[in-house]
Each structure stands twice: as C-alpha cells, then as structure tokens.
There are 2 protein chains.
Amino acid sequence: MKRVGFQFKVRPDRLAEYKERHKQVWPEMLEALRETGWHNYSLFVRPDGLIFGYFETDESLAAAQAKMAAKEINMRWQEFMSPFVDAQARPDETFVELEEYFHLD
Amino acid sequence: MKRVGFQFKVRPDRLAEYKERHKQVWPEMLEALRETGWHNYSLFVRPDGLIFGYFETDESLAAAQAKMAAKEINMRWQEFMSPFVDAQARPDETFVELEEYFHLD
C-alpha cells in the first residue's frame with residue numbers, strides 16, 4: 001500500500017462554489033474512485049486555493065490516475081470542475097505529486 | 001476519528017539535511033507522538049520546502065499539539081529542527097491547519 005500526497009490550485013475567487021460542489025460529488029464518480037484504488041481519500045484547502053490531496057492506493061498516483069482517465073464519468077467530472085482551475089488543462093492533469101519523507105503508523 | 005491536514009515551510013537551502021534527519025527520528029519522539037494520538041502520520045514535501053502533514057487523531061490538531069507541547073522530548077526535537085524553519089518560533093508553532101472539504105473512505 002502506498003500513501004500519496006499531491007497538490008493543485010483552485011481559483012480563490014471561485015473557492016466557495018468549488019467546495020460546495022464537493023459536498024455532492026456524483027455517486028458514479030465516487031464509485032469510479034473506489035474501483036480504481038483511491039482509498040481513504042481526503043482533499044484539504046488553504047484559503048488562497050491551494051489544495052492538498054491525500055489517499056492510499058495499491059500502486060501509485062500515476063496508476064490510479066491512469067485508471068481514472070479511462071473512466072467516462074471522470075471526463076465529465078473534470079469538465080464540470082475545469083472552470084475552477086486556471087490551467088488550460090483538466091484539473092486532474094494539474095496534480096503535482098509530493099514526496100513522503102516521514103511516516104509513523 | 002478526525003483527519004487533520006496542515007502545512008508549514010522549511011528552508012529550501014536546508015531541505016536535504018532536514019529530510020535526512022527525518023529518516024532517523026528519535027524513538028522517544030515517535031513514542032511521544034503515538035502516546036498523544038498522532039496516528040497514520042505522514043509528512044510530504046514540495047521541492048521549494050512547503051510541507052504538508054496528514055494524520056488521524058481522536059480529537060483535533062490543537063489537542064494533539066497541546067499534548068505534544070507538554071512532552072519534554074518534543075521541546076528537544078523542535079529545538080533540533082528550528083534551524084530549518086525561517087520563523088522566530090518552534091517549527092510546530094508554525095503549523096497552519098487546512099480545511100478538509102472532501103473525503104471518501
């Protein structure tokens with residue numbers, strides 16, 4: 001089992017709406033995440049829009065992302081979320097993996 | 001059980017040494033963390049020295065920090081780590097809590 005940390009950025013002027021949408025993530029999206037190995041998955045936000053993600057998975061962030069990229073529901077969710085990021089990319093293409101340098105069970 | 005996300009900053013010019021020290025955290029420090037409710041605790045780093053911490057605890061970041069602040073070993077560890085942060089404070093006094101806005105078990 002691998003613990004993954006990653007970050008990306010959301011537009012601070014649209015943060016309230018972005019967080020609101022995450023109170024009702026589509027059930028099919030949640031099911032796709034579970035099926036592709038996103039376990040104990042949390043997203044945290046700093047007031048300026050910096051997002052930190054944490055989850056546990058069998059293999060790696062790259063593998064979990066590749067599996068999600070193949071899901072049609074993910075395409076639709078990322079499109080739905082794209083107004084909240086500044087990049088010319090789908091939000092999940094802006095994830096930057098962080099290095100775990102310490103762990104205590 | 002509460003999931004906690006927090007961040008702080010380490011001097012990028014001393015990051016290699018900082019990470020090295022975390023390969024051999026003192027056993028007494030690890031024991032103190034366990035005793036004061038820091039479970040499944042991971043620290044992640046971005047190349048510029050931004051640190052993201054994640055752990056699970058019974059109550060809150062504030063409670064877990066207060067319990068650690070009462071441990072003599074923590075005083076010594078924070079002193080040992082203080083050259084790596086820019087602040088005029090112990091590193092653990094610079095933790096900024098983040099808001100969890102999404103979770104999937």
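This report describes how chains A and B meet in a predicted model, and then turns to helix 3 of chain A.

**Relation of the two copies**

A turn of 180° with a shift of 0.0 Å along the axis lays chain A on chain B, with an RMSD of 0.0 Å. The two copies are therefore related as by a two-fold rotation axis. The same surface serves both copies, as 100% of the contact residues of chain A recur in chain B.

**The contact**

Chain A gives 26 residues to the contact and chain B gives 26 residues. On the side of chain A that touches chain B, the elements that give two or more residues are strand 1 (2-9), helix 2 (27-35), strand 2 (39-45), strand 3 (50-57) and strand 4 (96-104) of chain A. Strand 4 of chain A supplies the largest share of this side, 7 residues. The classes on the side of chain A that touches chain B are as follows.

| Class | Residues of chain A |
|---|---|
| nonpolar | 14 residues |
| polar | 6 residues |
| charged | 6 residues |

Strand pairing also crosses between the chains: strand 2 of chain A and strand 4 (residues 96-104) of chain B run antiparallel and are joined by 5 bridges. In strand 4 of chain B, B:E99 stands opposite A:V45.

**Helix 3 of chain A**

Helix 3 (residues 61-69) of chain A has A:A64, A:Q65 and A:M68 buried. Seen down the axis of helix 3 of chain A, its buried residues fall within an arc of 100°, so they line one face of the helix. A:A62 and A:A66 are exposed on the other side of helix 3 of chain A. The cover over the buried residues of helix 3 of chain A includes helix 2, strand 3 and helix 4 (72-81) of chain A.

Conventions: Residues are numbered from 1 along each chain as its sequence is written. Chains are lettered from A and ligands numbered from 1 in the order in which they are written. This is a predicted model: local features need pLDDT of at least 70, side-chain atom pairs count only at pLDDT 80 or more; totals for chains, interfaces and linings use all residues. Copies are superposed by least squares on the C-alpha atoms of residues with pLDDT of at least 70 in both. Two residues are in contact if their C-beta atoms, placed from the backbone, lie within 7 Å. Helices (H or I, at least four residues) and strands (E, at least two) are DSSP runs, numbered from the N terminus. Ala, Val, Leu, Ile, Met, Phe, Trp, Tyr, Cys and Pro count as nonpolar, Asp, Glu, Lys and Arg as charged, and the others, Gly among them, as polar. Two strands pair if DSSP finds at least two bridges between them. A residue is buried if 20 or more other C-beta atoms lie within 10 Å of its own, exposed if 12 or fewer, and partly exposed in between; C-beta atoms are placed from the backbone. The arc is that of the directions from the helix axis to the C-beta atoms.
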